[in-house]
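Subject: A structure to look at, with notes

Dear colleague,

I am handing over a structure that I would like you to read through with the notes below beside it. Please open it first and look around before you go on.

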Amino acid sequence: YQYRRKPAQLDLLKELQHPENKLRDIDLTSDKPGHYKSSNNAHGAYSQQSDPKEIQIENFSREIAKELDHGRTIHAYDNLIIIALPHMKGLLFQHINKHIKDLVAHSIEKDLINLPHQELLDFLRVHTQYSE
């Protein structure tokens with residue numbers, strides 16, 4: 001979103017979709033883990049190293065970081081307000097560079113993704129220095 005002070009409004013600039021985040025683990029993996037048999041007739045199954053859902057969330061945070069960096073390089077913004085759940089915020093901050101971090105004016109740890117447009121604007125008025 002882009003925030004405008006007078007009149008106070010938010011304009012949606014871009015929306016990133018990542019439908020893989022809504023899939024179940026079983027839908028994210030290609031097949032069952034492999035099996036093995038050792039020389040002493042023991043059997044077992046290989047376990048997955050990482051949680052498939054977590055891998056998708058990590059990939060999405062990289063995609064967001066890439067978009068933010070692109071916006072920074074074309075001077076699309078002067079500062080940022082990051083609003084995300086703590087886990088997602090942590091992943092995002094791992095992937096954004098120092099130049100973007102320097103432009104973060106506010107970092108709010110909340111889930112506001114489903115907040116209606118006007119309520120999001122009201123929330124920002126209350127929780128940031130950008131009130132009128």
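What follows is a description of what was found, going from the whole chain to single residues.

Please keep in mind throughout that this is a predicted model. The chain contains five helices and six strands, and if you follow it along the sequence you will meet them in the pattern β-β-α-β-β-α-β-α-α-β-α. Of the 132 residues in the chain, 25% are buried, and the accessible surface comes to about 9700 Å², with 50% of that area belonging to carbon and sulfur atoms. When contacts between residues at least 6 apart in sequence are considered, 63% of them join residues at least 24 apart.

The nonpolar cores

Which residues touch the most other members of the largest nonpolar core? That core has 13 residues, and the ones in question are Ile64, Leu68, Leu80, Ile82, Leu92, Ile96 and Ile100. The elements α2, β5 and α3 each give two or more residues to this core, and the largest share, four residues, comes from α2. Leu68 is a good residue to select on your screen, since, leaving out residues up to four places away in sequence, Leu68 touches Tyr77, Leu80, Ile82, Leu92, Ile96 and Ile100. There is also a second, separate core of seven residues, which includes Leu112, Leu120, Phe123 and Leu124. As general background, nonpolar side chains in soluble globular proteins tend to be buried together.

Two helices with a buried face

In helix α3, which covers residues 86-95, the buried residues are Met88, Lys89, Leu91 and Leu92. Looking down the axis of α3, you would find these buried residues within an arc of 165°, so they line one face of the helix. The buried residues of α3 pack against α2 (52-73), β5 (80-83) and β6 (104-108). Lys89, which is in that buried set, has its charged end over the ring of Phe93, at 5.6 Å from the centre of the ring.

Helix α5, residues 117-127, can be read in a similar way, with Leu120, Leu121, Phe123 and Leu124 as buried residues. Down the axis of α5 its buried residues fall within an arc of 160°, so they too line one face of the helix. The elements that the buried residues of α5 pack against are β1 (2-4), β2 (9-11), β5 and β6.

Is Glu58 buried or exposed? Glu58, which is found in helix α2, has a relative accessible area of 18%, and because buried means under 20%, Glu58 counts as buried. Apart from residues up to four places away in sequence, Glu58 touches Leu91, Gln94 and His95.

Residues in and around the loops

Leu103 lies in the loop between α4 (98-101) and β6, and with a relative accessibility of 22% Leu103 counts as partly exposed. Although Leu103 and Asn79 are 24 residues apart in sequence, their C-alpha atoms are 4.5 Å apart in space. Asn79 is also one of the residues that Leu103 touches, the others being Arg72, Tyr77, Asp78 and Leu80, when residues up to four places away in sequence are not counted.

Lys101, in helix α4, is partly exposed as well, with a relative accessible area of 38%. The C-alpha atoms of Lys101 and Asn79 are separated by 9.4 Å, and these two residues are 22 apart along the chain. Setting aside neighbours within four places in sequence, Lys101 is in contact with Phe93 and Ile96.

His75 sits in the loop between α2 and β5, where His75 is exposed, with a relative accessible area of 68%. The phi angle of His75 is near 60°, which is a positive value in a residue other than glycine. For comparison, most residues other than glycine have a negative phi.

One search came back empty: over the whole structure, zero aromatic pairs were found.

When you have time, please go through these points one by one with the structure open.

With best wishes,
A colleague

Terms used
Residues numbered from 1 in each chain as written. Predicted model: local features only at pLDDT ≥ 70, side-chain atom pairs only at ≥ 80, totals over all residues. Heavy atoms only, no water. Buried < 20%, exposed > 50% of the residue type's maximum accessible area, 1.4 Å probe, protein only. Arc of directions from axis to C-beta. Contact = heavy atoms within 4.5 Å. Phe/Tyr/Trp six-rings, centres within 6.5 Å; stacked < 30°, edge-to-face > 60°. Lys NZ or Arg CZ within 6 Å of the ring centre and 35° of its normal. Core = buried A, V, L, I, M, F, W, Y, C linked by side-chain atoms within 4.5 Å. Areas by Shrake-Rupley, 256 points an atom, 1.4 Å probe, with all protein chains shown as cover.
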